[in-house]
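Visitor: I'm new to this one. Can you show it to me and take me through the ligand site?
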Amino acid sequence: MALLETKNLTARYGDFQALFGVDIALDQGETIAIIGANGAGKTTLMRSIAGILANLPDAVLFDGAEIGALPAPDIVARGIAMVPEGRKLFPSLSVEENLLIGRYGRAVEGYWRLDTVYDLFPILKERRHNPGTALSGGQQQMVAIGRALMSNPRVLLCDEISLGLAPVVIRDIYAAFPRIRQAGASIVVVEQDIGQALKVADRVYCMMEGRITLSGTPAVLTREKIHGAYFGVA
Ligand code: ATP
């Protein structure tokens with residue numbers, strides 16, 4: 001049985017339907033990537049799982065329980081944490097205060113505490129008294145990831161964490177992933193960078209216009225196949 005699963009998930013913004021029967025599954029210990037062009041529905045999928053968007057009953061299962069109808073705080077409390085697109089730090093709070101916010105929803109003991117997050121991203125310790133928004137984009141992204149880790153999540157949802165960052169910074173951030181996995185989180189990354197997705201993920205799902213158009217392991221997904229599923233052209 002998968003740890004996290006969506007079944008025939010649909011989502012709407014008013015009259016606009018953004019997701020059409022999306023089925024994905026994440027196994028314990030696995031990292032999956034969701035790729036697709038702008039507007040494909042990747043963020044909507046993450047927000048539906050995180051309880052930010054309403055969806056149909058029985059559409060999201062986590063650890064054998066239906067969670068699709070639960071509000072966001074209950075989802076966090078069960079162990080699903082999101083690193084949102086655009087980082088969404090609290091501008092008036094310091095790095096350390098931003099990290100501590102991550103404890104509020106789910107103060108369970110586990111591997112991730114301030115000291116282990118600082119060990120993962122040492123620059124954050126140096127900057128811990130600075131306002132979160134005074135940091136570079138990459139450092140802000142580290143804060144957003146650290147904040148999510150502070151809840152010791154069983155599932156970490158990462159929405160476009162490489163967006164707008166330099167390649168060397170993206171490499172540094174993804175270098176943290178093996179340790180995040182080792183500490184027990186199963187991971188969903190949303191990526192527009194196909195190469196990065198293929199590198200980090202055990203399996204990849206490609207979305208287009210609110211539907212999954214392709215899925216498989218990086219080994220079986222050729223560039224041609226991905227291109228067709230991504231843009232609708234072969
Ligand atoms: P991006 O890479 O741009 O974030 P995405 O794959 O994450 O793209 P979504 O943000 O999930 O795509 O958007 C899916 C569709 O839903 C798009 O057509 C988008 O215009 C629409 N959409 C997203 N948010 C809203 C909203 N708040 N109200 C209305 N429509 C929305």
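Guide: Let's begin with a polar contact: an N or O atom in the side chain of Asn-38 is 3.1 Å from an oxygen atom of the ligand. Keep in mind that this is a predicted model.

Visitor: Which atom of Ala-40 is 3.0 Å from an oxygen atom of the ligand?
Guide: A polar backbone atom of Ala-40. Thr-43 also uses its backbone, with an N or O atom 2.7 Å from a ligand oxygen.

Visitor: How much of the ligand's accessible area does the protein cover?
Guide: The protein covers 63% of the 630 Å² that the ligand has on its own.

Visitor: How many residues surround the ligand?
Guide: There are 14, and the closest are Gly-39, Gly-41, Lys-42, Thr-43 and Thr-44. By class, the shell has five nonpolar, six polar and three charged residues.

Visitor: What kind of space does the ligand take?
Guide: A pocket, the second largest. Two elements, β2 (16–26) and α1 (42–49), give two or more residues to the shell around the ligand. The largest share, three residues, comes from α1.

Visitor: New topic. How many salt bridges are there?
Guide: The count comes to 10. One of them joins the side chains of Lys-42 and Glu-160, at 3.7 Å from N to O.

Visitor: Where do Lys-42 and Glu-160 sit in the chain?
Guide: Lys-42 is in helix α1, and Glu-160 is in the loop between β7 (155–159) and α7 (167–174). The pair links distant parts of the chain, 118 residues apart.

Visitor: And why would side chains pair like that?
Guide: Side chains of opposite charge can pair when their charged atoms come close.

Definitions and conventions:
Residues are numbered from 1 along each chain as its sequence is written. This is a predicted model: local features need pLDDT of at least 70, side-chain atom pairs count only at pLDDT 80 or more; totals for chains, interfaces and linings use all residues. Side-chain values use heavy atoms; hydrogens and water are left out. A residue is near a molecule or strand if one of its heavy atoms lies within 4 Å of it. A polar contact is a pair of N or O atoms within 3.5 Å; within protein, one must be able to donate a hydrogen and the other to accept it, and residues adjacent in sequence count only if both atoms are side-chain atoms. Accessible areas come from the Shrake-Rupley method with a 1.4 Å probe; for residues, only the protein chains shown count as cover. On a 1 Å grid over the protein atoms alone, a cavity is a set of points where a 1.4 Å probe fits but cannot get out, and a pocket is an open set with protein on both sides within 12 Å along at least five of seven lines; lining residues have an atom within 4 Å of a point. A molecule sits in a cavity or pocket if more than half of its atoms lie within 2 Å of its grid points. Helices (H or I, at least four residues) and strands (E, at least two) are DSSP runs, numbered from the N terminus. Ala, Val, Leu, Ile, Met, Phe, Trp, Tyr, Cys and Pro count as nonpolar, Asp, Glu, Lys and Arg as charged, and the others, Gly among them, as polar. A salt bridge is a side-chain nitrogen of Lys or Arg within 4 Å of a carboxyl oxygen of Asp or Glu.
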